[in-house]
Amino acid sequence: MSASTVIPAFPQPSLPVVGEAGVFPVRRIWCVGRNYLEHIREMGNDERDPPFFFAKHADMLAPEGAVIPYPPLTTDMHHEVELVVALKSGGLNIPTDQALDHVYGYAVGIDLTRRDLQLASRKMQRPWEVGKSFDHSAPCSAVVPAAKIGHPAKGKIWLSVNGTERQTGDLSELIWNVPEIIWKLSQQVELAAGDIIMTGTPAGVAAVVAGDKIECGVDGVGTLKVSIGPAAK
């Protein structure tokens, strides 16, 4: 890893880095809501609204091959496959034409969602945290350096459950692309090395149950496999 891509070694959960020595220490997880048009439509939301951001805790990451315990308080957990952006540096008010300079690499992630709790919170105009932030709710593949694969702006993004494809889209369909996401998020918070951003999900989100096997991927980035286990006790 060159001096320009050194990630500070603060004590946080880590993801393996493909093709590089060491690990990628994760500082914070940011997620973009409503960033694919067909997903906005399937959820019955206003497609004119801009995307917005919410967070998951870094210790909610789950690695390749993990068995995800079915979480408490829900009977309707959904999958949402996403391109993940991993930052090597950051700042406030990052211009779009400089945004990719702060990207270390990319991964494949799943934003697991307790949909029933999320919708109930939205109806009561409460924060989404109970629906989005729970243990093991952020499965993520290894981070692949942009120096190896470039900055993907198009390519299939997909997810299957038990061998049946449920979600499919293309990165070119992102309403806000990666530089724009970084620009907008950096207006809200000061971004830094170790932050990762889940960039939104295409249409086809649906429920999973114990015993389901999930496989997903982004062309040119990689794949991710996890399975759903019995309820946590």
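I started with burial: 52% of the 233 residues of the chain count as buried, where buried means under 20% relative accessible area, exposed over 50% and partly exposed in between, with a 1.4 Å probe and protein chains only. Note to self: this is a predicted model, so local features need pLDDT of at least 70 and side-chain atom pairs count only at pLDDT 80 or more, while totals for chains, interfaces and linings use all residues. Residues are numbered from 1 along each chain as its sequence is written, and side-chain values use heavy atoms, with hydrogens and water left out.

**Entry: overall make-up**

I looked up the secondary structure and got 6 helices and 17 strands in the chain. These are DSSP runs numbered from the N terminus, helices being H or I over at least four residues and strands E over at least two. Then I went through the contacts (heavy atoms within 4.5 Å). Taking those between residues at least 6 apart in sequence, 74% join residues at least 24 apart.

**Entry: helix α6**

Which residues of α6 are buried? In this helix, residues 178-188, I found V178, P179, I181, I182, L185 and S186 buried. They span an arc of only 160 degrees around the axis, so they sit on the same side of α6. The arc is taken from the directions from the helix axis to the C-beta atoms. I then checked what covers these residues, and the cover includes β3 (28-33), β4 (52-56), β8 (81-87), α2 (96-99), β9 (103-110) and β15.

**Entry: the largest pocket**

V178 and P179 turned up again here, as part of the lining of the largest pocket. The other lining residues are L100, Y106, H151, P152, A153, L171, S172, L174 and N177. I noted a volume of about 160 Å³ for this pocket. By class, the lining has 8 nonpolar residues, 3 polar and no charged.

For the record, the search runs on a 1 Å grid over the protein atoms alone: a pocket is an open set of points where a 1.4 Å probe fits, with protein on both sides within 12 Å along at least five of seven lines, and lining residues have an atom within 4 Å of a point. Points are joined across faces, edges and corners, and the volume is the space filled by probe spheres set on them. Ala, Val, Leu, Ile, Met, Phe, Trp, Tyr, Cys and Pro count as nonpolar, Asp, Glu, Lys and Arg as charged, and the others, Gly among them, as polar.

**Entry: helix α3 and the residue after it**

I gave α3 (residues 115-123) the same look. Its buried residues are R115, L117, Q118 and S121. Seen down the axis, they fall within an arc of 165 degrees, so they line one face of the helix. Their cover includes β7 (77-78), β10 (113-114) and α4 (129-132).

Just after α3 I ran into Q125, which has a positive phi of about 60 degrees. Most residues other than glycine have a negative phi. Q125 is in the loop between α3 and α4, and with a relative accessible area of 77% it is exposed.

**Entry: another positive phi**

N162 also went on my list, with phi near 55 degrees in a residue other than glycine. N162 is in the loop between β13 (156-161) and β14 (164-170). Buried or exposed, or partly exposed? I got a relative accessible area of 47% for N162, so it is partly exposed.

In strand β13 I also picked out S160. S160 counts as buried, at 11% relative accessibility. Beyond neighbours within four places in sequence, S160 is in contact with E165, R166, K213, I214 and E215.

**Entry: L15 and the cysteines**

L15 is in strand β1 (residues 14-16) and is buried, at 3% relative accessibility. Leaving out neighbours within four places in sequence, I listed its contacts as V23, F24, V26, L61, C140, S141 and V143.

C140 made me check for disulfides, and the whole structure has 0 of them, a disulfide being a pair of cysteine sulfur atoms within 2.5 Å. Why no bond for C140? Its sulfur is 9.5 Å from the closest cysteine sulfur, in C216, which is too far for a bond. C140 is buried, with a relative accessible area of 3%, and C31 is buried at 1%.

**Entry: one long-range pair**

Last, I looked up A203, in the loop between β15 (195-198) and β16 (213-218). A203 and E80 are 123 residues apart in sequence and 8.7 Å apart in space, C-alpha to C-alpha.
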